[in-house]
Amino acid sequence: MSETVEVDVVVLGAGPGGETVGGLLGKAGVDVVVVEEHLVGGECPFYGCVPSKLMIAGARRAAEGSPDWAHVAQRIRSDATHDWTDTPFAERLVGHGARLVRGRGRIVGPRRVAVDGTTYVARRGVVLNTGTRPAVPPVEGLAGTPFWTNRDIVRLTELPGSIVVLGAGPIGVELAQVLARFGVAVTLVDQAPRLLPRDEPEASRVLAEALAADGVRLVLSAGVDRVAHADGGFVVEVGEETLRAERLLVAAGRTLQLDDLGLEAADVVVDGGALEVDERMRVRAATAGDGGGPWLWAVGDITGKGAFTHVSNYQGRVAVRDLLGQDGPWADYRAATRVTYTEPEIAVVGLTEAQARESGAYAMEVAVGDLGARGWLDETDGVVKLVADTSQGSGVLVGATVAGPAAGEVIGLLATAVHARVPLADLRTMHFAYPTYHRAIETVLWRLPH
């Protein structure tokens, strides 16, 4: 028997952004229902950010001569994922005042979400945070094989002797290095001509040299033609070469989970792409629906603004401000950061040189340098690259990349500069402690016009 329940807000999906929305609205006294089919917390704490960083920490010790995969596996299972149960996350969400409903939700009309026979009518609106799942490329033979994704790797208690990793994006390169440092024979394959093709080529070069030093074999500019599994192993045909390994890891990007969500009931058509949202996280194409006015918001990976936990949380806070009738601030991605946690780390803020040139909106200047005195002292290769707009005054940074130890921390200084539009002239007057990695920024700043 069907039931109709009126609430203030329905949140579909309890990944980082959905959890943020539900928790903040609950604490504000809003009657909010959060619908989650799988795990509260989403991909990050169970299959992504958290377990992978435990693996990376273990791999660092392995590179120093102390390999102990059993310790890593135990920490992932017991300390991080609680054996892949979400009780702490669910209890926290409910403790903030939200109602948690387990099941698959689907939009059935403006402001209406159906979950297992119950229709929730949202007086204020619906927030989508349905996230992504591992993408499976249409390679002949792949679908019928027991390939792994990141969701399988984090559950391993024993490592294979050899593996082919398909995909040279952040997930692929991080896991390739981890496995190689634990003694697995790793071959990394991608049709792109370089690692991390979205990032600066200078950073790709540094990382390629580091992976090669760890024993990872790189097969780039090469697409996979066919995959087969027989006699306990994989056969991967790449052009004229045949690769053989015990296991195959598919790390070829992510697929937006927008299928069978009922978007047609909101007059929203995505055609395989992301949902288009405005600065308040309102879905642009959604109709006014019952009661008039906006009623559909989206946060997280499905907005196409960056598949990162910090971006999802940020968008969640923006959506909450709008739902509570507050006056911003609204979404601004100029200084969005991302980090690939290889060794060396690759950290990026804002625009790459290619993105800035493609936009045609800047009087561009670019400068590149190494890690300076600290890099020389530590015998560490790396790069700092700055992208500046010099159209007004002394100019400002619009993007930066750092490849090197602790790059994810060094990028914080540059993210502040991009976010606050700090003039280059002011940046050059700063004190940069000697000898630090961040001091390399000072040298590169002086290579920009002044």
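## A tour of helix pairs, sheets and unusual bonds

Begin by selecting helix 3 and helix 4, which pass each other in a right-handed crossing. Keep in mind along the way that this is a predicted model.

**Stop 1: helix 3 and its two partners**

With helix 3 and helix 4 (residues 69–80) on screen, look down the pair: their axes come within 10 Å and cross at roughly 155°. Angles over 145 degrees count as roughly antiparallel, and that makes helix 3 roughly antiparallel to helix 4. Now show the side chains. From helix 3, the contact uses Val50, Pro51, Leu54, Met55, Gly58 and Arg61, while helix 4 supplies Trp69, His71, Val72, Arg75, Ile76 and Ala80. By type, this contact of helix 3 with helix 4 has eight nonpolar, two polar and two charged residues.

Keep helix 3 (residues 49–63) selected and swap helix 4 for helix 7 (residues 170–181). Helix 3 and helix 7 pack with axes 8 Å apart, at an angle of about 40°. Helix 3 and helix 7 are therefore oblique to each other. Helix 3 passes helix 7 in a left-handed crossing. On the helix 3 side, pick out Ser52, Lys53, Met55, Ile56, Ala59, Arg60, Ala62 and Ala63; facing them from helix 7 are Glu174, Leu175, Val178 and Arg181. This contact of helix 3 with helix 7 divides into seven nonpolar, one polar and four charged residues. Do pause at Met55: this residue of helix 3 is in the contact with helix 4 and also in the contact with helix 7.

**Stop 2: helix 1 against helix 9**

Next, select helix 1 (residues 16–27) together with helix 9 (residues 309–323), whose axes come within 7 Å and cross at roughly 35°. The crossing of helix 1 and helix 9 is right-handed. Helix 1 brings Pro16, Gly17, Thr20, Val21, Leu24 and Leu25 to the contact, and helix 9 brings Thr309, Ser312, Asn313, Gly316, Arg317, Val320 and Leu323. Colour the contact of helix 1 with helix 9 by residue type and you will find six nonpolar, six polar and one charged.

**Stop 3: a three-stranded sheet**

Move on to strands 11, 12 and 13, which form an open sheet in the order 11-12-13 with antiparallel pairing. Strand 11 (224–230) and strand 13 (241–245) are the edges, each with a single partner strand, so one side of each has no neighbour in the sheet. Ignoring direction, neighbouring strands of this sheet are turned by 20° against each other on average. Zoom in on strand 12 (residues 233–238) and strand 13, which pair in the antiparallel sense over five bridges. For a landmark, select valine 236, whose bridge partner in strand 13 is leucine 243.

**Stop 4: the five-stranded sheet**

Now select residues 338–443, which an unreviewed UniProt entry lists as "domain: Pyridine nucleotide-disulphide oxidoreductase dimerisation". This span is 34% helix and 29% strand, and its end C-alpha atoms lie 23 Å apart.

The next selection is an open sheet of five strands in the order 17-18-21-20-19, with antiparallel pairing. Strand 17 (337–340) and strand 19 (364–369) are the edge strands, each pairing on one side only. From one strand to the next, the twist averages 10°.

Within this sheet, look at strand 20 (residues 383–389) and strand 21 (residues 396–404): seven bridges join these antiparallel strands. Aspartate 389 stands opposite valine 396 of strand 21. Then add helix 12 (residues 407–420), which packs on the sheet and touches strand 17, strand 18, strand 20 and strand 21. The direction of helix 12 makes about 175° with that of strand 21. Also add helix 8 (residues 201–213), which lies across strand 18 (345–350), strand 19, strand 20 and strand 21. Helix 8 runs at about 170° to strand 20.

**Stop 5: backbone oddities in the loops**

Most residues other than glycine have a negative phi, and most peptide bonds are trans. Which residue to select for a positive phi near 45°? Go to leucine 196, in the loop between strand 9 (185–189) and helix 8; this is the residue with that value.

For cis bonds, select glycine 328 and proline 329, joined by a cis peptide bond with omega near 5°. Proline 329 sits in the loop between helix 9 and strand 17. Finish at glutamate 343 and proline 344, where a cis peptide bond has omega of about 10°. Proline 344 is in the loop that runs between strand 17 and strand 18.

Definitions and conventions:
Residues numbered from 1 in each chain as written. Predicted model: local features only at pLDDT ≥ 70, side-chain atom pairs only at ≥ 80, totals over all residues. Heavy atoms only, no water. Pairing = 2+ DSSP bridges. Helix = DSSP H or I, 4+ residues; strand = E, 2+ residues; numbered from the N terminus. Axes fitted to C-alpha atoms, helices over the stretch in contact; angles between N-to-C directions. Contact = heavy atoms within 4.5 Å. UniProt positions renumbered as here; feature names shortened; annotations may be inferred. Parallel < 35°, antiparallel > 145°, perpendicular 65-115°, else oblique. Left-handed = near helix turned anticlockwise from the far one by under 90°. Nonpolar A, V, L, I, M, F, W, Y, C, P; charged D, E, K, R; others polar.
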